[in-house]
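This briefing is an introduction for a reader new to the structure. It goes through a sheet, two polar residues and the aromatic side chains in turn.

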Amino acid sequence: DTVIEQNTSGSLKRDDELKLTFSYGEELGYEEVSLIDFTGKSKFEVEFYMKQHQLKYEFDNDFSDQHKRGLVIKQSIKPGKKVKINDETVKVTISKGPKIKVPDFKGMSMTEVTEWAIKNKVKLEFSDKYDDSIKENNVISVNFEKGKVIEQGTVLKVVLSRGKLTMPKFKSFNEFREWAEKYEIKYEEKHEFNDDIAIGEVISFSYKKGDTIKNGDTIVVKISDGKKKEVPNLKG
């Protein structure tokens, strides 16, 4: 159970991998093993024991209110029973922790969602979008429906409201397009000739600065094709 070797030592960054090789000790030299009680042990401890004693094994997972996530709930062969080496497979069930039912997150605040996630040991990924019907920093949607059963460690992708969308001022069409695509805002391009606005520049938007843009609305952008040119008579 002690370290034989390691791949590196000294200063490491947080994401650097450290590989440790542990000793199984001497080969045991007998044909069967009296199985121990794995209940409450970690998956790593079980794997180490199985390899050390040359036993066949497999894992499955189940919910448990009594055992923490990652610890053994039960085993297919009772403790104390003798098992032949490399013969019968021992099935070990690992706890996924308690069942977690997804509540109705719609309308909840970011703080309320975070508190719920910490209590139930689930992970959060936040994104945001404009929504004129949901209060700012409240939930628009989550990637799991209300009532869905999930386990600890599950990643909840939560979309928060930025509140109602008001039309900002843009210096260029490219700046507008990046903003619209980032927040999934519909827009339509229309081109027309203009003597005063350079080609490719914005003539006007269908919304003025400060106007409220409702969910699903489309912003029409008029873009200049520059000055109109008359085609001369090219014959000859």
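Contact here means heavy atoms within 4.5 Å. The model is predicted. By that meaning of contact, and leaving aside neighbours within four places in sequence, Ser-161 is in contact with Lys-129, Asp-131, Ile-134, Lys-135, Glu-136, Asn-137, Asn-138 and Ile-140. Ser-161 belongs to strand β12, and the points below begin with the sheet that contains this strand.

**The sheet**

- An open sheet is formed by 3 strands in the order β9-β12-β10, with mixed pairing.
- The edges are taken by β9 (123-129) and β10 (139-142); each has a single partner strand, so one side of each is left without a neighbour in the sheet.
- On average, and with direction ignored, neighbouring strands of this sheet are turned by 25° against each other.
- Strand β12 covers residues 155-161 and pairs with β10 in the antiparallel sense over 3 bridges.
- Val-142 has Val-158 in β12 as its bridge partner.
- Helix α2 (residues 110-120) lies across β9, β10 and β12, and runs at about 165° to β9.

**Ser-161**

- Ser-161 has a relative accessible area of 2% and is therefore buried, the cut-off for buried being under 20%.
- A polar atom of the Ser-161 side chain lies 2.8 Å from the backbone oxygen of Ile-134.
- Ile-134 is also one of the residues in the contact list of Ser-161.

**Asn-194**

- Asn-194 is located in the loop between β14 (186-192) and β15 (202-205).
- With a relative accessible area of 16%, Asn-194 is buried.
- A polar atom of the Asn-194 side chain lies 2.7 Å from the backbone nitrogen of Asp-196.
- Not counting residues up to four places away in sequence, Asn-194 touches Ile-203, Ser-224, Gly-226 and Lys-227.

**Aromatic pairs**

- A pair of aromatic rings is described by the distance of the centres and the angle of the planes.
- Searching the whole structure gives 15 aromatic pairs.
- Phe-170 and Trp-179 form a tilted pair, at 5.0 Å centre to centre and with 55° between the planes.
- Both of these residues, Phe-170 and Trp-179, are buried.
- Phe-176 and Phe-205 have ring centres 5.0 Å apart and planes at 45°, so this pair is tilted.
- Phe-176 lies in helix α3 (residues 173-182) and Phe-205 in strand β15; the two are 29 residues apart, and their pair links distant parts of the chain.
- Phe-176 is buried, at a relative accessible area of 0%, whereas Phe-205 counts as partly exposed, at 22% relative accessibility.
- One aromatic cluster is formed by Phe-170, Phe-173, Phe-176, Trp-179, Tyr-187 and Phe-205.

**Charges over rings**

- Lys-43 has its charged end over the ring of Phe-59, 5.0 Å from the ring centre.
- Lys-96 has its charged end over the ring of Phe-63, 4.2 Å from the ring centre.

How values were computed
Residues are numbered from 1 along each chain as its sequence is written. This is a predicted model: local features need pLDDT of at least 70, side-chain atom pairs count only at pLDDT 80 or more; totals for chains, interfaces and linings use all residues. Side-chain values use heavy atoms; hydrogens and water are left out. Two strands pair if DSSP finds at least two bridges between them. Helices (H or I, at least four residues) and strands (E, at least two) are DSSP runs, numbered from the N terminus. Axes are lines fitted to C-alpha atoms, for helices over the stretch in contact, and angles run from 0 to 180 degrees between N-to-C directions. Buried means under 20% relative accessible area, exposed over 50%, partly exposed in between (1.4 Å probe, protein chains only). A polar contact is a pair of N or O atoms within 3.5 Å; within protein, one must be able to donate a hydrogen and the other to accept it, and residues adjacent in sequence count only if both atoms are side-chain atoms. Rings of Phe, Tyr and Trp (its six-membered ring) pair if their centres lie within 6.5 Å; planes under 30 degrees apart count as stacked, over 60 as edge-to-face and the rest as tilted. A charge sits over a ring if NZ of Lys or CZ of Arg is within 6 Å of the ring centre and within 35 degrees of the ring normal.
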